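Got your viewer open and a selection box ready? Let's walk through this one stop at a time.

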Amino acid sequence: MDVAELSDSPGVIQESCEESMDQARSTITKIFNGEPHSYTRFNLTQNMEGDNSQVEMKLSSDMDEEVGGNGVGERHGHVSNRKPYVTQRFGRTPKNLIFMAAAVLLIFIIGFLIGYLVQQSKALAPTCAPSVVPAGLPADVPVEHETGAAPLMDWDVVKGLLAKQLGAGRLDSVFSEFLSNDHQAGSDGDEILANRVLRKFKQYGMKTWTDEHFIKVQDPPTTVSNKIVFKNLEIKQTGFLSYSATGSVTGAVLYGHYGREADFRLLRDKNIDINGRVMLIRAGRNSFAEKVANAAKLNASAVLIYPDPTDYSFGETTELYGHVHLGSGDPYTPGFPSFNHTQFPPIQSSGLPKILAQTITQATGIKILRSLGGQNPPDDWVGFSKLGDSNDMVTVEVNNVLVEKKINNVFGVIKGFVDADRYVVIGAQRDAWGPGFAASTVGTSVLVELARSISDMVKNDGFKPRRSIVFASWSGGEYGSVGATEWLEGYLSSLSMKAYTYISLDGIVTGRSGFKVAASPLLHSLIGSTLKEIQMDTGTLASNFGGSKWEKEILQPLKMDNAAYPFLAFSGIPSVSFGFTAGSSDYTYFGTKLDTMERLRTATAGQMSALAEKAARFAGHITLRLVHDHLLRFDLMKYDSIIRTQVAQIYMKVKTIQRLQPNILPKALTMQWLMSASGSYSRASRSLTTDIQDSDLEDIEMCRLINDRIMTVERNFLSPYVSPRDSPFRHILLGSGPHTLKGLANHLDALRVNSPEADTDVFRNEFALATWTIQGCANSLAGDIWSLDNEI
């Protein structure tokens with residue numbers, strides 16, 4: 001029998017009931033002196049499906065027939081002249097009436113006890129399968145199913161069990177086991193680590209499987225080099241940016257600071273023509289892909305990215321590695337998985353750049369900067385004398401090669417005891433450009449330790465999660481969360497209905513002076529309570545890093561280059577990413593081959609293992625809370641305030657344009673319906689919150705129905721009107737593209753300044769679709785079709 005099947009075990013209840021019947025018959029026989037014509041018949045009928053149990057008891061005697069006026073013979077059309085035997089023996093004397101009353105009372109008491117026992121046995125819960133196969137048994141050996149749902153273990157006990165399992169000393173040994181200097185995605189080293197993770201999951205008695213993908217990535221050239229030529233000086237580069245356009249271009253250098261949209265606006269305010277320029281941009285503050293995309297929008301011909309000494313303290317010759325795909329997953333199979341058997345025509349993601357992009361060393365970047373002429377930089381860009389002019393020519397040559405690689409994602413699951421088909425996913429990147437200790441080793445080690453700890457809690461400590469926990473080890477993370485995104489694309493239809501949270505363990509320790517969390521607003525309240533539970537040396541996580549203002553100090557937006565972002569913005573799964581940081585500065589060794597255990601230990605002042613243990617507890621508390629409670633701890637009202645804020649911004653901008661530039665937006669465009677949709681969501685979320693407060697937590701079916709309604713919220717913010725290929729991040733509040741509410745606000749700004757990219761008809765179309773997306777989310781949240789609050 002498969003461990004996921006459910007079965008009922010009524011045998012014990014039936015045996016108990018039959019024993020009670022025998023005792024009842026014996027007692028009544030004694031009362032009536034064993035007379036053959038006076039008897040009690042018990043008929044116990046139990047619904048084997050588990051819905052209701054009925055106990056039927058009938059007292060029958062010839063005396064009853066006599067008193068009722070019709071005997072059995074009369075009912076069949078015959079009249080008997082024989083006097084009933086019972087009447088002769090038991091006349092209507094006070095003594096006999098007392099005996100009869102006592103017998104009826106005894107029967108009633110016995111029936112009540114039987115019914116109570118049956119009902120109590122059934123109230124335990126539906127039959128549930130064990131979530132972890134006992135150690136030592138092969139996965140295909142049938143395991144006896146347990147009856148009864150997970151008894152609600154006190155939350156303080158659950159926290160104590162996890163604390164007992166985790167420890168900094170345990171993590172040290174796991175770090176050593178998963179330490180590797182060469183485990184780039186698809187390499188032999190990557191496969192070795194994948195097998196180690198798989199063996200660990202099997203050792204813990206978990207159901208395991210792997211997911212194989214064939215992805216296309218760019219690697220550096222093997223026969224020639226990527227290089228630049230500046231003022232007749234040729235400089236070869238070992239570092240590279242995957243998914244860059246290839247070829248050679250020549251243009252004048254223009255310094256662009258961090259390559260943010262605001263930085264490019266400052267250049268345009270100086271009337272500097274960016275068309276055809278080679279942008280020299282500092283690493284940090286935003287992703288490589290965003291820097292290149294911002295430059296490409298203004299028709300730059302190439303981008304050079306260097307680590308400036310004010311942000312990076314490592315050596316002048318350190319190479320940088322990364323990718324420039326403005327998205328996630330395999331850009332050559334956008335919107336669908338990279339399985340080997342998929343036969344799609346050649347296609348590319350809209351996030352692939354059309355211009356060249358290349359990293360250069362700090363020494364090369366400073367040499368170019370010191371040679372530039374032209375205008376002075378903006379006042380905020382301190383430390384540089386000139387921006388560059390038309391005489392500062394540079395040639396950029398990129399010769400990256402496109403290759404196909406096989407990668408494997410590794411999974412293990414601890415199955416739930418009530419809703420096994422609903423699950424939390426915890427994942428960590430396994431690959432890295434070099435040692436990747438902070439980038440991948442710490443996360444992978446914590447993933448494995450959490451799997452061991454929770455498995456032991458289930459097998460040895462009596463903890464029974466209501467819902468399942470899936471542990472995932474991803475490959476292809478350095479190329480843009482490729483392994484995770486391909487899994488999402490491959491199983492999107494089933495995951496969107498069953499996976500209700502993703503917890504990322506990537507980069508969870510990079511410093512010790514700060515703690516940051518990026519997450520879906522639905523999880524903010526749960527995060528707040530968890531921060532107050534995790535004890536540090538002095539105080540809690542909340543008191544150490546945020547206090548009463550923890551939301552302002554700790555929470556930050558979930559960025560596109562975060563591994564949790566595709567789960568949220570592409571799949572509509574509430575997600576969370578977190579970690580100990582070095583405060584406002586980035587961990588400088590990401591994207592280099594200097595990311596080692598020794599450097600991370602130095603960056604954390606020797607507290608690396610202790611911080612990793614605290615991070616494991618933070619992730620563990622969130623996970624266990626989401627599988628422990630009857631109802632999911634999602635804060636539905638958080639999105640209500642976000643929608644209201646963004647709708648108010650759009651309202652103000654629309655009214656301003658209609659007042660000052662009525663020829664652009666006619667007054668026929670009304671905000672009424674967008675505001676009505678916002679109100680519908682507000683009422684639906686409040687109504688569901690009330691339903692949650694009034695719900696019976698012992699009603700398993702009711703809890704499941706409410707949880708299903710809660711789970712639809714994030715998914716229904718994905719716009720159904722845009723293509724995953726063209727706009728993969730379809731979330732209208734946290735996604736990216738013109739379909740989002742932020743995109744609508746930006747379009748209004750473009751209309752106000754008569755930008756050539758603005759189009760009134762396009763805006764009105766996106767405006768209408770966003771309105772109905774919000775209304776559709778409200779409708780789904782309301783539940784049944786007759787409960788909808790639809791004013792549109």
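Which residue is the bridge partner of Ile-414 in S15? Select Ile-469: that is the partner of Ile-414. Before going further, note that this is a predicted model, where local features need pLDDT of at least 70, side-chain atom pairs count only at pLDDT 80 or more, and totals for chains, interfaces and linings use all residues. Residues are numbered from 1 along each chain as its sequence is written, and side-chain values use heavy atoms, with hydrogens and water left out.

**Stop 1: strand S15**

Stay on S15 and show residues 467–474. Helices (H or I, at least four residues) and strands (E, at least two) are DSSP runs here, numbered from the N terminus. Eight of the eight residues of S15 are buried, where buried means under 20% relative accessible area, exposed over 50% and partly exposed in between (1.4 Å probe, protein chains only).

Now add strand S13, residues 401–414, which runs antiparallel to S15 and is joined to S15 by five bridges. Two strands count as paired if DSSP finds at least two bridges between them. Then add S14, residues 419–429: S14 pairs with S15 in the parallel sense, over eight bridges. Click Val-424 and you'll find that its bridge partner in S15 is Ile-469.

Next, turn on helix H12, residues 437–460. S14, H12 and S15 make a right-handed β-α-β unit: with the strands pointing away from the viewer, the path from the first strand over the helix to the second runs clockwise.

**Stop 2: Val-158**

Jump to helix H6, residues 155–165, and pick Val-158. Is Val-158 buried or exposed? Val-158 is buried, as its relative accessible area is 0%. Leave out neighbours within four places in sequence, and Val-158 is in contact (heavy atoms within 4.5 Å) with Met-153, Met-457, Phe-463, Leu-624 and His-628. Try a C-alpha to C-alpha distance from Val-158 to Asp-461 too: 9.4 Å in space, with their positions 303 residues apart in sequence.

**Stop 3: the seven-stranded sheet**

Color the strands in the order S5-S4-S12-S7-S8-S9-S11; these seven form an open sheet with mixed pairing. At the edges are S5 (233–237) and S11 (356–359), each pairing on one side only. Ignoring direction, neighbouring strands of this sheet are turned by 30° against each other on average.

Zoom to the S5 edge, where S4 (residues 226–230) and S5 pair in the antiparallel sense over five bridges. Phe-230 has Leu-233 as its bridge partner in S5. Now show helix H10, residues 288–297, which packs on the sheet and touches S8 (278–282), S9 (302–306) and S11. The direction of H10 makes about 145° with that of S9. Axes are lines fitted to C-alpha atoms, for helices over the stretch in contact, and angles run from 0 to 180 degrees between N-to-C directions. Helix H11 (residues 362–369) packs on the sheet as well, touching S4, S5, S7 (247–255), S8 and S9, and its direction makes about 115° with that of S9.

**Last stop: H22 and H25**

Select residues 672–694 (H22) and 760–782 (H25), which pack at an angle of about 20° with their axes 8 Å apart. That angle makes H22 roughly parallel to H25, a label for angles under 35 degrees. Show side chains at the contact, including Trp-673 and Tyr-681 of H22 and Phe-767 and Ile-774 of H25.

Zoom out to finish: the protein has 25 helices and 18 strands, and 54% of its 792 residues count as buried.

Methods:
Angles under 35 degrees count as roughly parallel, over 145 as roughly antiparallel, 65 to 115 as roughly perpendicular and the rest as oblique.
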